[in-house]
Amino acid sequence: MITNANWISAPVDTGAVCPIFSKRIKTEKTVKKAEISISATGVYEAEINGRRIGDFILAPGCTSYKSRLQYQMYDVTNMLETENTLSICLGKGWYRGRISASDKTINETDGAVIAELVITYTDGSTESIVTDNSWSVTTSRILFSDIYDGETYDATAEIKDLGNAVINDSISKSTLIPQEGETVKEHERIKPVKIFITPKGEYVIDFGQNIAGYVSLDLTSKSGDKIVISHAEVLDNDGNFYNANYRSAKARIEYTCRDGHQVYTPHFTYFGFRYIRLDERPYNIMPDNLTAVAVYSDMKRTGYIETGSEKVNKLFENTLWSQRDNFIDIPTDCPQRDERMGWLGDAQVFAKTASYNYNTKKFFGKWLGDLRAEQRENGSVPDTVPNFWLIPRSSTAWGDAMSVIPWQMYLMYGDKKDIEHNFDAMKRWVDFMTSDSLDKYLWTCVDDSDKKQRKHYGDWLALDAPYGSYRGITPDNFIASAFYAYSTEILIKAGKAIEKDMSEYEELYKNIVSAFQKTFTEYTTQTECVLALYFNLADNKPETAKQLNDMIIANDNRLQTGFVGTPYLLYALSENGYAQTAYSLLLQEEYPSWLYEVNHGATTIWEHWDGIRDDGTFWSTDMNSYNHYAYGSVVDWLYSVAGGIKPVEENAGFKEAVIAPVPDKRLGSINVSLDTEYGTIKSAWHYEGDKVCYEITTSVKATIIINGEKHLVVSGTYYF
Ligand code: BGC
């Protein structure tokens, strides 16, 4: 708890240098318990007697700072001695770094820390040590640090006393909240797999996996030796180091050594990378001196998939990595370029896959708090949360994160609070669409006529886009009206789950469906068919499904869909009698396809289907991430259709399950396992000749559906 502490700042502007705030503390009695709460307008690392407190990387995390700033509480009972130095080093982080430069009300806040240490002694007395003007301030050896640009650390830099801290009343304490999200931690530690000199003569190290995190150095060196590191995700066509796709993000580490053995791990920055280039290095640096460390929110893994196809297995692995790399306290689009934003559309399409792979209840629960905090008076929500770029608009499929994600949390984890907390905001989102439309019961606009409150992204990055455009040709009004229906349908189901009277919205939903069917009588793109089928809007589903199937086959079993159509494409086929075509798309290896990326050496999911073209050239540098999870959303189809494990809406959270696997000989086999609140569910099948053999184990009540036949089971292992 932070009740009595003050925000404190350095007495002088330290510029790019990270200041350290310290306090000497004496404990003359025996300590029974000691707890410290800390927060900062930036990111902090705290120590007692030189030992790091806790393991939260980039604490206090990323939130919508105008209304919510987390503090962490740490048990430090075992860290205190009689004489102690408590210190807090402050970096700029998201709060005051380049990432939030557009929002001056946040970005220009003074750098400040706040902390309260409460010590309970064995005699029952307590003492509280708070940040105030008795704390001293010094410089640190972190001379520069920024999330986009990297860090400069000089291990020889002199530490200068700056005097006492000043109490800073300009920063509010009312926004402080206890940590809601998962702790962001260091995870996998990866050693170099290859060191080589590129054709350009550069010294490059390959860690074999695209990660988000940083490289930790452990070496013996002499004072003044310099190590300069640049980061990259891919090599270019000639095998040279390539990071033009990071755009303006410098993503660089500059480390100056001191004499002797030393370990340096960057403090207040992270990178998306697989390769590093050593731009400067001491002659004796060896692979063993370098370790890539993956950093992400500490979610519990729940989902596992193994299939008969090594390539599909790799696709699954790549999706897991893109999730880890982009779940650093908020769901980001990408971890490498000058963006790393909580884009709602990306999170919306990936939330289902994410919540099978890992338990995301706490992660999304916290981010939904930010989403609600950013919702505007008129019910619209910004395209990114936190809205560091001050995007003034709302967009279809992006804003629908407001309804889709709480509902997905409820389906997976069965906690009605996830609906209760968000219900009002979900309703206001639907009401916003109602109020913003040109036509009643649709969400329509004259394209871009009113950039003030709405601008759609269309079927972002779809391949039916005109050359040079990012937007597929499916019309905005079609997509927006389809998502209006979808969100309204979700709102009704969510409302009913918490026993609300939803009759008004049921009436609205009926009218939306009928207006949609009257207005959009013909479908011309794959995405139009997909949305009409998956959102139950097509008035003749068999005909639309056949049209979609024909379109895919006529296109040589290749998709053309973007962010909007892709997540539901395989469902639209498999749920309407065309599972075989869904599998053909899944197993397609030619461009554009999921396995095309795998064949081109991907270790994460690419933003563009053609991130690397067949001839080895790249999609343009301005929008080309190799770590964008959106298309990884195909993985929830593997869990819930190929493996067939689905929650039951009326008994959400897997209190009850449906297990209805859909096999295909070309995949050979699948083995899916999901840990739920009520126990583990496993669904496996393999082929023996033309015969499919199923093995299903459930510890929850389930309806197993095999060849259309239903088997009601309580728990146990079943063979078919
Ligand atoms: C991001 C996307 C995002 C989009 C909005 C891009 O810059 O990387 O993933 O959803 O903008 O269209």
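These legends describe close-up views of one predicted model. Local features need pLDDT of at least 70, side-chain atom pairs count only at pLDDT 80 or more, and totals for chains, interfaces and linings use all residues. Residues are numbered from 1 along each chain as its sequence is written, and side-chain values use heavy atoms, with hydrogens and water left out.

**View 1. The ligand and its shell.**
The residues around the ligand are Asp333, Arg337, Glu339, Trp343, Asp346, Trp398, Tyr457, Trp460, Phe563, Glu607, Met623 and His628. A residue is near the ligand if one of its heavy atoms lies within 4 Å of it. By class, the shell has 6 nonpolar, 1 polar and 5 charged residues. Here Ala, Val, Leu, Ile, Met, Phe, Trp, Tyr, Cys and Pro count as nonpolar, Asp, Glu, Lys and Arg as charged, and the others, Gly among them, as polar.

**View 2. Polar contacts of the ligand.**
A polar contact is a pair of N or O atoms within 3.5 Å; within protein, one must be able to donate a hydrogen and the other to accept it, and residues adjacent in sequence count only if both atoms are side-chain atoms. The side chain of Arg337 has an N or O atom 2.6 Å from a ligand oxygen. For the side chain of Glu339, the distance to a ligand oxygen is 2.5 Å. For the side chain of Asp346, it is 2.5 Å. The protein covers 97% of the 310 Å² of accessible area that the ligand has on its own (Shrake-Rupley method, 1.4 Å probe; for residues, only the protein chains shown count as cover).

**View 3. Strand 3 and its partners.**
Strands (E, at least two residues) and helices (H or I, at least four) are DSSP runs, numbered from the N terminus. Two strands pair if DSSP finds at least two bridges between them. Strand 3 (residues 31-40) pairs with strand 8 (residues 113-121) in the antiparallel sense, over 9 bridges. Ser39 has Ile114 in strand 8 as its bridge partner. Strand 3 also pairs with strand 6 (residues 69-75), antiparallel, over 4 bridges. There, Ile38 stands opposite Gln72.

**View 4. The hairpin of strands 8 and 9.**
Strand 8 and strand 9 (residues 126-130) run antiparallel and are joined by 5 bridges. Leu117 has Ile129 in strand 9 as its bridge partner. The hairpin has 4 residues between the strands, and Gly124 takes a positive phi near 95 degrees.

**View 5. A sheet of five strands.**
This open sheet has 5 strands in the order 27-33-34-35-38, with antiparallel pairing. Strand 27 (303-307) and strand 38 (716-719) are the edge strands, each pairing on one side only. Neighbouring strands are turned by 5 degrees against each other on average, direction ignored. Axes are lines fitted to C-alpha atoms, for helices over the stretch in contact, and angles run from 0 to 180 degrees between N-to-C directions. Strand 27 pairs with strand 33 (residues 669-676) over 5 bridges, where Glu306 stands opposite Asn671.

**View 6. A sheet of four strands.**
This open sheet has 4 strands in the order 31-32-36-37, with mixed pairing. Strand 31 (645-647) and strand 37 (709-713) each have a single partner strand, so one side of each is left without a neighbour in the sheet. The twist averages 20 degrees from one strand to the next. Thr703 has Leu712 in strand 37 as its bridge partner.

**View 7. A salt bridge between Glu180 and Arg68.**
Their side chains meet at 2.9 Å, N to O. The two residues are 112 residues apart and link distant parts of the chain. A salt bridge is a side-chain nitrogen of Lys or Arg within 4 Å of a carboxyl oxygen of Asp or Glu. By this rule the count is 36.
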